[in-house]
Amino acid sequence: MEAETSGRPAAAAAERPVGADGYPLGGYATAEEVAAFLSMSASGVYKLVRAGRLPSVRLARRVVRLPWVAVRAVVTAAAADAAVSGVS
């Protein structure tokens with residue numbers, strides 16, 4: 001998948017409307033799309049899912065999708081926690 005200069009996956013940016021905060025509005029993403037969006041590995045996303053820190057929907061044994069609203073909520077909460085604790 002080809003990435004845009006903003007670091008977001010080209011397919012995710014082209015197919016989904018994006019809000020003012022840069023997150024896609026609604027819909028579901030693959031672990032790879034979320035990983036590219038958050039600049040981390042897909043295995044890291046799967047670890048967050050297994051740990052229960054990132055909600056997901058399992059469509060089949062090996063098919064997992066993540067709601068963009070959940071990704072936004074987790075990142076927003078983590079940023080708020082970091083701001084309160086003084087971590088930059």
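Let me start with the contacts: among those in the chain between residues at least 6 apart in sequence, 40% join residues at least 24 apart. Please keep in mind throughout that what we are looking at is a predicted model. Of the 88 residues in the chain, 26% count as buried, and the chain exposes about 5700 Å², of which carbon and sulfur atoms supply 57%.

On the secondary structure, the chain contains four helices and three strands, and if you read along the sequence, you meet them in the pattern α-β-α-α-β-β-α.

Now to the sheet. How are its three strands ordered? The order is E1-E3-E2, in an open sheet with antiparallel pairing. Strand E1, residues 28-29, and strand E2, residues 57-60, stand at the edges and have a single partner strand each, so that one side of each is left without a neighbour in the sheet. Helix H4, which covers residues 68-85, packs on this sheet, where it touches E1 and E3, and its direction makes about 60° with that of E3.

As a general reminder, the strands of a sheet pair through backbone hydrogen bonds, in either a parallel or an antiparallel manner. Here, E2 and E3 pair in the antiparallel sense over three bridges, and the two strands are joined by a hairpin through two residues. If you would like to follow the register in the viewer, Val57 stands opposite Arg65 in E3, while Arg58 has Val64 in E3 as its bridge partner.

Staying with this region, let me turn to the surface. Which residues form the nonpolar patch on the surface? They are Tyr28, Val57, Leu59 and Val63, and together they have about 340 Å² of accessible area. Val63 has its place in strand E3, residues 63-67, and because its relative accessibility is 30%, Val63 counts as partly exposed.

Back to helix H4 for a moment, since Val75 lies in that helix. Is Val75 buried, partly exposed or exposed? With a relative accessibility of 27%, Val75 counts as partly exposed, because the buried class is reserved for values under 20% and the exposed class for values over 50%. If we leave aside the neighbours within four places in sequence, Val75 is in contact with Tyr23 and Leu38. As for Leu54, that residue and Val75 are 21 residues apart in sequence and 9.6 Å apart in space, taken from C-alpha to C-alpha.

The last region I want to show is helix H2 and what comes after it. In H2, which spans residues 31-38, the buried residues include Ala31, Glu33, Val34, Ala35 and Phe37. H2 is followed by Ser39, which is found in the loop between H2 and helix H3, residues 42-50. What is the phi of Ser39? The value is near 55°, which is positive, in a residue other than glycine. For context, most residues other than glycine have a negative phi. Ser39 counts as exposed, because its relative accessibility is 67%.

To close, I would put two places side by side for discussion: the sheet, with helix H4 packed on it and touching E1 and E3, and the loop after H2, with the positive phi of Ser39.

Conventions. Residues numbered from 1 in each chain as written. Predicted model: local features only at pLDDT ≥ 70, side-chain atom pairs only at ≥ 80, totals over all residues. Heavy atoms only, no water. Buried < 20%, exposed > 50% of the residue type's maximum accessible area, 1.4 Å probe, protein only. Patch = residues over 30% accessible without salt bridge, like charges linked within 9 Å, V, L, I, M, F, W, Y side chains within 5 Å. Areas by Shrake-Rupley, 256 points an atom, 1.4 Å probe, with all protein chains shown as cover. Salt bridge = Lys/Arg side-chain N within 4 Å of Asp/Glu carboxyl O. Pairing = 2+ DSSP bridges. Contact = heavy atoms within 4.5 Å. Axes fitted to C-alpha atoms, helices over the stretch in contact; angles between N-to-C directions.
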